[in-house]
Amino acid sequence: MRASWARSEQYGVSPEEVAEVYADELPTGSLFFECGARVLQGLRTTLADEPVGVMLTDPHGLVLTRWSDDSRIEHSLDRVHLAPGFYYDERTAGTNGLALALADQVPALVRGGDHYVAPLRRYTCAAAPVMDPGDGRLLGCINLTTWSQTSSHLLLALAQSASANTTSLMQVRSVGLHEQPAPRGEVFHVLTGERPLGAEDPCVSIGWSAARAETIAALATGGLVAVVGESGSGRTTLAMLGRRAGNRRGRVLVARAPRPSDVSGWMALWSPELRADDIGVVVSAADTLPSWAATQLVADAGGRDRRPHPLIVTATSYETIPSPLREAVHTVVEAPPLRHRADDVAPLAAFFARQLRHRDVGFTPRAMRALGAASWPGNVAELRTVVRDAAARSDLVDVRHLPAGVVSGGDHVLTRIEAFERDEIVRCLAAPGATVAHAATELGMSRATLYRKISRYRIAL
């Protein structure tokens, strides 16, 4: 709470009134909004006739929708702009429940006098962040606001329950999506040694080479560098290669952010290394850090003007980096996704197989064509998983050793029945010596029907 007040003061928030920052368009077409709105409508029924405003926000604090059956609190919230279309982050409204939940990515309860802006001290706000069940990204938050003199013991529990229900409903609606476990953090050292730069980098594409050169050049300027891009695209590898180029005899420490509840112990483990002169630190997934941790990182690294800067951060995008850390970033480098680096698929596949088996593993031409034609939504991380699984099953990887989702290039989410049908078609077609006629007979359908389904599922023959 104190850190949030300090940030509010630093942002120049007026303690007398909430700034009016309005958005003309609301992003209401997402699965998050659909599921969140449904959960909140059910919660509204539970809270019927109670003086509580129930609302859903995006990850930037934009209020997407609000419900309340109490006309008095409805009109009151309108007067302080806690309404759909208005932003309510710390920069706009100072310390408040939803802003704190979004900044630290943990449930937050802000009672009357804890608010930074005076007109908000008549309220108590409880908010809980909503995370993507697939990749753990912050999607927004659920906020409940009532009068400050009203009992708030159950308010935070209701917000947390609504957040959990939203995530669960998204998981069900996503058709077979399995929730990923919350990350627990990771810290390891990379000794640079005397090996030539790029000795462990199998990537040869123009896009990757340009990004690596850009990272090296950016680090040579001495400022804090942010490597951004899709999850699994090689952001941390790009940062490590850039740091190794500038300090061949030094060390690189990689710290991957854990879930918010573990951040304090995680930082205590490695942050003293920021004071060492012979080490570069890569903080991976910095966009998942709470704001207080970002503030401490900037301070421990010597502020935003230290040259050379000991820190590199990776994130999904520049905008998702917590504000205290974002303001210290000097240069942004983008890691290209694997689908834009087709030339890297074959050498990466051979590299990952050799890592697992400690010797070269063969790939049939049709297996390599299937790998090269896949869209790889999970980027290099997905390719590594697929190749390691296949290489563990055979010395010569063929199409039948690859998952059906790789052989099929469909870009829409399949139902369970569709996914089962696609997998069976791929299984029959991938059998040694199989033809479309044989596969059609085994599947009990005509060749014309099978060809239509092959086209529909974009199965590479």
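**View 1. The centres of domain 1 and domain 2 lie 32 Å apart, taken over C-alpha atoms.** In this predicted model, local features need pLDDT of at least 70 and side-chain atom pairs count only at pLDDT 80 or more, while totals for chains, interfaces and linings use all residues. Residues are numbered from 1 along each chain as its sequence is written, and side-chain values use heavy atoms, with hydrogens and water left out. The protein is divided into domain 1 (1-175), domain 2 (187-336) and domain 3 (340-457), with bounds that come from an automatic or database domain assignment.

**View 2. Domain 1 meets domain 2 across an interface of about 850 Å² of buried area.** Here 9 residues of domain 1 are in contact with 13 residues of domain 2, where contact means heavy atoms within 4.5 Å. Of the buried area, 45% is on carbon and sulfur atoms; buried area is the accessible area (1.4 Å probe) that two parts lose on being put together, summed over both.

**View 3. Arg91 and Glu327 join their side chains in a salt bridge, at 2.4 Å from N to O.** The rule finds 1 salt bridge across the interface of domain 1 and domain 2, and it requires a side-chain nitrogen of Lys or Arg within 4 Å of a carboxyl oxygen of Asp or Glu. On the side of domain 1 that touches domain 2, the elements giving two or more residues are α1 (2-10) and α5 (97-104), numbered from the N terminus as DSSP runs (helices: H or I, at least four residues; strands: E, at least two). The largest share of that side, 3 residues, comes from α1.
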